[in-house]
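Here's a quick look at charged side chains and who pairs with whom. Have the viewer open while you read.

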Amino acid sequence: MTIDKTPPNPPESEDSAEPSGLSESSAETGRPRTSGTPEEAARKAEAPSASSLAWARRRASVSRFWRQYRTHRAGLIGLAGLAVIALIALTSPLFIGDVQSVTDAPGTALESPSGEFPLGTDQFGRSLLGLLIWGARISLIVGLLAAALSVAIGTLVGIVAGHFGGWFATVVMRITDWFLVMPALVLAIVLATVMSRSIWTVILAIGVTSWPTTARLVRAQTIAIESRAYIERARALGGGHGHVMTRHVLPNVMPLVLAQTTLGISTAILTEATLAFLGLGDPSVVSWGGMLQDAREAGAVSSGHWWYLAPPGIAIAVVALAFTLCGRAIEAVLNPKLGVSR
């Protein structure tokens with residue numbers, strides 16, 4: 001009988017119970033502990049977020065747009081003119097006071113231009129220069145809001161019709177064609193006649209009658225965009241109609257919408273002046289078209305009071321020209337294939 005004299009294994013110490021390089025949690029999971037170095041932590045802290053990257057791309061896009069826009073001399077001239085007119089209109093209450101009062105008119109009726117009244121007076125003795133400056137506020141507000149309403153309606157109709165297609169698009173575009181062939185001024189006159197006479201009626205009348213052109217342009221652009229590969233990829237990944245229209249189509253048609261808005265403002269200002277000249281504007285506010293209508297009623301045309309007719313007419317022409325120059329420059333920047341001269 002043999003006796004095993006091999007000594008028993010020594011007991012494991014507490015220090016050797018856990019393998020080297022493993023923490024308590026890593027010993028349980030069997031994975032080595034990963035502790036980042038200070039340099040790696042600093043790099044992670046300095047890593048830009050998604051929102052900061054998006055804002056950086058937007059700033060770069062705006063900077064690139066401005067570099068290309070300022071190469072168009074006509075666009076810069078139009079922008080400078082609009083800036084001066086807008087500044088005068090915004091600050092007019094600070095230095096001209098109340099010029100609409102008939103009872104407190106400072107002069108006599110139909111005075112010719114002088115040192116006290118550089119542009120003369122109207123039939124009530126009010127300063128035409130003050131009325132011209134004050135009327136810029138109403139004309140610009142009507143032009144901006146009416147153009148924004150028109151472009152918003154046209155963009156919505158164009159994107160929906162271009163996205164869904166089929167019989168729905170056919171019906172929508174036939175309605176658009178009906179509005180397109182009907183004279184917008186006639187429809188605006190009808191709306192301004194049947195509704196109450198106010199500035200909001202004029203804005204609504206202009207906005208709901210001048211959207212068809214924008215709708216057709218946006219629809220054509222929507223059809224072109226949705227034929228691209230990334231739209232099919234978005235749909236394959238589960239993107240619905242709303243996702244495709246708002247996240248992919250709308251951002252790509254916004255340059256066209258911006259250019260159309262700039263061009264539509266001049267048309268809206270001219271339409272507002274026409275409605276006010278026909279007596280369909282708001283009688284409680286002063287606008288350039290209303291000044292022309294007052295000059296006609298006062299007999300300025302037959303009596304030869306040119307200072308009553310010329311200033312508001314020239315102001316309307318200058319603002320419309322300035323917006324048109326800006327719109328053409330924006331079109332040339334966003335679509336260089338148009339070949340718009342500088």
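What follows is a short tour of some salt bridges and their surroundings.

Keep in mind that this is a predicted model. The structure has five salt bridges in it, and the ones covered here are listed below.

| Salt bridge | N to O distance |
|---|---|
| R174 and D177 | 2.8 Å |
| D177 and R216 | 2.6 Å |
| R235 and E226 | 2.9 Å |

Let's start with the bit that hangs together: R174, D177 and R216 form a network of salt bridges. On one side of it, R174 and D177 both sit in helix α6, which covers residues 166–181. These two are three residues apart, or about one turn of the helix. On the other side, D177 in helix α6 pairs with R216 in helix α9 (residues 212–226), so this salt bridge ties together parts that are 39 residues apart in sequence.

How accessible are the arginines of that network? R174 comes out at a relative accessible area of 46%, so it counts as partly exposed. R216 has 35% relative accessibility and is partly exposed too.

Then there's the pair R235 and E226, whose side chains meet in a salt bridge at 2.9 Å, N to O. Is E226 buried or exposed? With 10% relative accessibility, E226 counts as buried, because the cut-off for buried is under 20%. Its partner R235, at 32% relative accessibility, is partly exposed.

Definitions and conventions. Residues are numbered from 1 along each chain as its sequence is written. This is a predicted model: local features need pLDDT of at least 70, side-chain atom pairs count only at pLDDT 80 or more; totals for chains, interfaces and linings use all residues. Side-chain values use heavy atoms; hydrogens and water are left out. A salt bridge is a side-chain nitrogen of Lys or Arg within 4 Å of a carboxyl oxygen of Asp or Glu. Helices (H or I, at least four residues) and strands (E, at least two) are DSSP runs, numbered from the N terminus. Buried means under 20% relative accessible area, exposed over 50%, partly exposed in between (1.4 Å probe, protein chains only).
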